[in-house]
Amino acid sequence: MADNSSNNAYWSANVRIIRWSLVIWAVVSFGFGILLRPMLSGISVGGTDLGFWFAQQGSILVFLAIIFFYAWRMNKLDAEHGVDEQ
């Protein structure tokens, strides 16, 4: 029974990390790049407005950061629950 509760805690934490990652990804790519672009048009980054920058480059950089964060956090979570590769 204790093994089942440990599995539930592990998968609950895993799903929580995935959900937050998807929320951040959606807000940055869809929110900043499309919905909030008119409000961000007055801010200049690299010779273009901030909304366009998020749509073209910012969302990709945030996506890469999310990938590295997920890998780091899952390695930590695996070690906490004893399912790491080492």
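Which residues form a nonpolar patch on the surface?

1. The model discussed here is predicted. The nonpolar patch on its surface is formed by I18, L22, W25, I60, L61, F63, L64, I67 and F68. Together these residues have about 890 Å² of accessible area.

2. Two elements, α1 (2-35) and α3 (50-81), give two or more residues to the nonpolar patch. The element that gives the most is α3, with 6 residues.

3. I18 can serve as an example from the patch. This residue is placed in helix α1. The relative accessible area of I18 is 34%, so I18 is partly exposed. The reasoning needs a cut-off: partly exposed lies between buried, which is under 20%, and exposed, which is over 50%.

4. Next come the charged pairs. Side chains of opposite charge can pair when their charged atoms come close. How many salt bridges does the structure hold? The structure holds 2 salt bridges.

5. One salt bridge joins the side chains of D49 and R37, with a distance of 3.5 Å from N to O. D49 belongs to strand β2 (residues 48-49) and R37 to helix α2 (residues 37-40), so this pair ties together parts that are 12 residues apart in sequence.

6. Are the two partners buried or partly exposed? D49 has a relative accessibility of 17% and therefore counts as buried. R37 has a relative accessible area of 34%, so R37 is partly exposed.

7. The other salt bridge is between E80 and R73, where the closest N and O atoms are 3.9 Å apart. R73 counts as partly exposed because its relative accessibility is 21%.

8. D49 deserves a second look. Which backbone nitrogen does the side chain of D49 reach at 3.3 Å? The answer is the backbone nitrogen of G51. A polar atom of the D49 side chain also lies 3.1 Å from the backbone nitrogen of F52.

9. D49 has further neighbours as well. Leaving aside residues up to four places away in sequence, D49 touches R37, L40, S41 and I43. R37 in this list is also the salt-bridge partner of D49.

10. To put the points on D49 together: this residue of strand β2 is buried, with a relative accessible area of 17%. The side chain of D49 meets that of R37 in a salt bridge, and the D49 side chain reaches the backbone nitrogen of G51.

Definitions and conventions: Residues are numbered from 1 along each chain as its sequence is written. This is a predicted model: local features need pLDDT of at least 70, side-chain atom pairs count only at pLDDT 80 or more; totals for chains, interfaces and linings use all residues. Side-chain values use heavy atoms; hydrogens and water are left out. Patches are made of residues with over 30% relative accessible area and no salt bridge: like charges are joined within 9 Å, nonpolar side chains (Val, Leu, Ile, Met, Phe, Trp, Tyr) within 5 Å. Accessible areas come from the Shrake-Rupley method with a 1.4 Å probe; for residues, only the protein chains shown count as cover. A salt bridge is a side-chain nitrogen of Lys or Arg within 4 Å of a carboxyl oxygen of Asp or Glu. Helices (H or I, at least four residues) and strands (E, at least two) are DSSP runs, numbered from the N terminus. Buried means under 20% relative accessible area, exposed over 50%, partly exposed in between (1.4 Å probe, protein chains only). A polar contact is a pair of N or O atoms within 3.5 Å; within protein, one must be able to donate a hydrogen and the other to accept it, and residues adjacent in sequence count only if both atoms are side-chain atoms. Contact means heavy atoms within 4.5 Å.
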